[in-house]
Amino acid sequence: MTPFKRKDKLTICVVDTETTMMNEYSHQVFDFAYVIGNVLDSNCEPLERSFLIDEVLDVPKNFIWTTPKGMPEGERKNFATDSRYETSLKRRTKTKKGVSWEFALDYFYKDCSRMGVDVFTAYNVKFDIEALRKTQDQINDKRFRMPNGMNIMCLMDIAQTKVINNDFHNWFKKQDKYLQKQFTTDKENISYSAECVFRYWFDNYYYKEQHTALRDARMEWKLAVKMFERWEKEIKKDFINFVVNLGWKVVNEIPSSTKKAKLRKEKRNLIA
């Protein structure tokens with residue numbers, strides 16, 4: 001695909017999915033949301049949609065975790081129920097937003113067409129696209145298709161290359177140990193999760209990601225707006241239609257965004 005050409009208006013669709021996990025029914029979307037708006041307008045009031053998917057929520061076994069660490073390959077044992085299941089059922093009853101998968105996708109396609117969406121994005125766009133595809137396979141065996149002419153962008157790709165830079169590393173080193181923990185993984189590596197990037201950029205060091213699709217999509221929309229405010233030209237040239245995962249080692253060991261951009265371009269050329 002070719003780089004995205006410059007526009008004064010850029011309508012993006014920020015998607016978030018909450019999926020089943022840790023069993024043989026993993027990666028089925030049960031909570032689907034998106035936010036659509038002009039990312040170049042910081043005062044834009046974006047369109048929001050949120051759907052709870054009946055076909056997935058109506059099957060309790062989808063939410064029973066059956067693969068604890070240390071179990072032999074192929075042997076499964078129930079050991080927990082996903083805590084999101086009960087809260088999602090309560091939300092569905094309270095909000096009456098339970099719909100069929102086909103209904104949710106139909107709204108998605110129509111909204112993208114009506115709003116003239118240029119770019120489909122998510123924080124980890126490869127994960128969300130794969131979840132949408134797997135859910136489509138499981139529920140009706142139809143092919144999941146992206147809306148016509150849709151470009152692709154990954155917010156995590158931008159974050160690991162541009163946000164976790166020399167400025168971040170220098171700032172991080174000056175913080176007390178208790179605060180550094182808000183920006184690291186369990187293995188004490190610097191995290192570039194949406195939650196940690198939001199904490200850093202918005203000076204909200206104890207912010208907690210909600211892990212509901214609409215709330216997370218709203219948060220990621222705010223990250224996208226801020227990214228375009230700072231790096232619009234570079235994003236359009238280097239990140240739209242070119243998704244690269246540098247990996248946690250590069251993010252931790254190479255603070256310089258210039259060096260990471262060079263590595264990213266080399267990796268992108270290898271993929272191409």
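The questions below concern salt bridges in this predicted model.

User: How many salt bridges are there in the model?
Analyst: Side chains of opposite charge can pair when their charged atoms come close. The cut-off applied here is a Lys or Arg side-chain nitrogen within 4 Å of a carboxyl oxygen of Asp or Glu. By this rule, the count of salt bridges is 16.

User: Which residue meets R84 in a salt bridge at 2.9 Å, N to O?
Analyst: The partner's side chain meets that of R84 at 2.9 Å, N to O. R84 belongs to helix α2 (residues 83–95), while the partner sits in strand β1 (residues 11–19), 66 residues apart. Both residues of the pair are buried. The partner of R84 is E18.

User: Which residues are joined into one network by salt bridges that share partners?
Analyst: R84 and E18 form a salt bridge with each other. Shared partners bring D82 into the network with them. The network consists of E18, D82 and R84.

User: How many residues apart in sequence are the parts that E48 and R218 tie together?
Analyst: The closest N and O atoms of the E48–R218 salt bridge are 3.0 Å apart. E48 lies in strand β3 (residues 47–53) and R218 in helix α9 (residues 213–239), so the pair ties together parts separated in sequence by 170 residues.

User: In the salt bridge of D111 and R49, which residue is buried?
Analyst: The D111 and R49 side chains meet at 2.7 Å, N to O. R49 has a relative accessible area of 23%, so it is partly exposed. With a relative accessible area of 3%, under the 20% cut-off, the buried residue is D111.

Conventions: Residues numbered from 1 in each chain as written. Predicted model: local features only at pLDDT ≥ 70, side-chain atom pairs only at ≥ 80, totals over all residues. Heavy atoms only, no water. Helix = DSSP H or I, 4+ residues; strand = E, 2+ residues; numbered from the N terminus. Buried < 20%, exposed > 50% of the residue type's maximum accessible area, 1.4 Å probe, protein only.
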